[in-house]
Amino acid sequence: MPAADLASLKIHDTHRSRAGAGKFWGFFAAGLGVLLLVAGGVFALKNRAPIVEVAVARPAGDPAQQTLLNASGYVTPRRRATVAAKITGRVTGVFFDEGNRVKDGQLLATLDDSDVRRALDSAVADRNTSQAGIRDFEVQLRYAEIQLHRAAELKAANVQSQDQLDNAETAADSLRAKIALAKQQVAGANARIQEAQQAVDNCTIRAPFAGIIVSKDAQVGEMVSPISAGGGFTRTGIATIVDMNSNEVEVDVNEAYIARVEPGQRVTSTLDAYPDWQIPSHVRTVIPTADRQKATVKVRISFDELDPRILPDMGVKVAFMGADEAKKKGVAKSTGPKATAIVPKSAVRTDGGKSYVFLVKDTKLERRGVTLGNDRGSDVEIMAGVNSGDSLVARGPENLQDGEAVRINQ
């Protein structure tokens, strides 16, 4: 076998330098590619269109029918009651379900009355015993009065002594006193019977007024009590009843705008469940106190006509309508400038004391100066610069520019 030629495996110096140069250019190309990717990403981020929310300018409408103030609240019944038992007891019967209509005084549930009925039976027995004793004493009294009459005649004939007459009188008086005592005992027994009967009646729970059951809070076999007891195992209510004829709207109005609200003022109510249904309403009362934490005043609004679709605790938005002051005062309406549109306050921006808005046309912005009018709650009147139906930027970045392309948040 020929000897291995190890010299053939040697790498020439020129080959070594070429390999090092190849590695250098490979690393350079990779680094350049990374820099290009980073630069492209930064350029793309800088040139990406900002996202904005758009609102449409609404018509201002007749000043006599304009919305002075918008608010939101909930449908609240004036008559709502959680019916509970006056005593602690075990439920033996429940005679209703959610959604049932009940009448005033209708039976809702019963409690175990075995103990109180025993007390009632005992009081009746005591009363009967006392009444029977009265009848016995009355019989004895009639005989004692006969004896007294006879003793008086014999004493008048000097046949008997005065002592025997006195004994007969004492016996008659004693029986009269016993009869009076027995009658008092009967009266006391009657009072105990009424007390025991009240305890029995307390085991029956009835509806306090006509309405609809909206909550069933106890089942047969559960313990109920007028106070919280027994950890979490004792119920404090049987049912919740709502008088649907007393449904109204309760809203919190910012105290800065409460001067615009007065009793009898026209209101348009819109339930969140039925956004296309505008319900004519009016202000029933303004609660004469403010919430210092929220800086609001509570206002109650009555529906002009109730409807079965109006349910307690539904969300509702209300618009307080402006009164026609000219009609009130009997003078002609003002012929001054009128608002051209109503826009959200968030759409109006300020630069150097001048107000402007950004109109959105074909995804591009157009800066437009505007003249502001009166506030309408969360909205503001536009006297000039915007027309009804224009699309405006309601929310977006602060650094928007005229002519800039934007993306609309749907």
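In the predicted model, five strands form an open sheet in the order E7-E6-E4-E9-E10, and the pairing within this sheet is mixed. Its edges are occupied by strand E7, spanning residues 204–206, and by strand E10, spanning 234–235; each of these has a single partner strand, so that one side of each is left without a neighbour in the sheet. Strands of a sheet pair through backbone hydrogen bonds, in either a parallel or an antiparallel sense.

The individual pairings can be followed across this sheet, beginning with strand E4. Strand E4, which comprises residues 89–94, is joined to strand E6, residues 107–111, by 3 bridges, and the two strands run antiparallel. Within this pairing, valine 91 has leucine 111 of E6 as its bridge partner. Strand E4 also pairs with E9, again in the antiparallel sense, over 2 bridges, and here arginine 90 stands opposite methionine 223 in E9. Strand E9, made up of residues 223–224, is in turn connected to E10 by 2 bridges, but these two strands run parallel. Methionine 223, which stands opposite arginine 90 of E4, also stands opposite threonine 234 in E10.

A second open sheet contains 3 strands in the order E17-E22-E21, with antiparallel pairing. Strand E17, residues 341–344, and strand E21, residues 371–376, stand at the edges of this sheet, and because each has a single partner strand, one side of each is left without a neighbour in the sheet. On average, and with direction ignored, neighbouring strands of this sheet are turned by 35° against each other. The pairing of E17 with strand E22, which covers residues 379–384, is antiparallel and extends over 4 bridges; in this pairing, isoleucine 342 has glutamate 381 in E22 as its bridge partner.

Among the helices, H2, formed by residues 114–156, and H3, formed by residues 162–201, have axes that come within 7 Å and cross at roughly 165°. Angles over 145 degrees count as roughly antiparallel, and the crossing angle therefore makes H2 roughly antiparallel to H3. The crossing in which H2 passes H3 is left-handed. The residues of the contact between H2 and H3 comprise 25 that are nonpolar, 9 that are polar and 11 that are charged.

Technical notes
Residues are numbered from 1 along each chain as its sequence is written. This is a predicted model: local features need pLDDT of at least 70, side-chain atom pairs count only at pLDDT 80 or more; totals for chains, interfaces and linings use all residues. Side-chain values use heavy atoms; hydrogens and water are left out. Two strands pair if DSSP finds at least two bridges between them. Axes are lines fitted to C-alpha atoms, for helices over the stretch in contact, and angles run from 0 to 180 degrees between N-to-C directions. Angles under 35 degrees count as roughly parallel, over 145 as roughly antiparallel, 65 to 115 as roughly perpendicular and the rest as oblique. A crossing is left-handed if the near helix is turned anticlockwise from the far one by less than a right angle, and right-handed if clockwise. Ala, Val, Leu, Ile, Met, Phe, Trp, Tyr, Cys and Pro count as nonpolar, Asp, Glu, Lys and Arg as charged, and the others, Gly among them, as polar.
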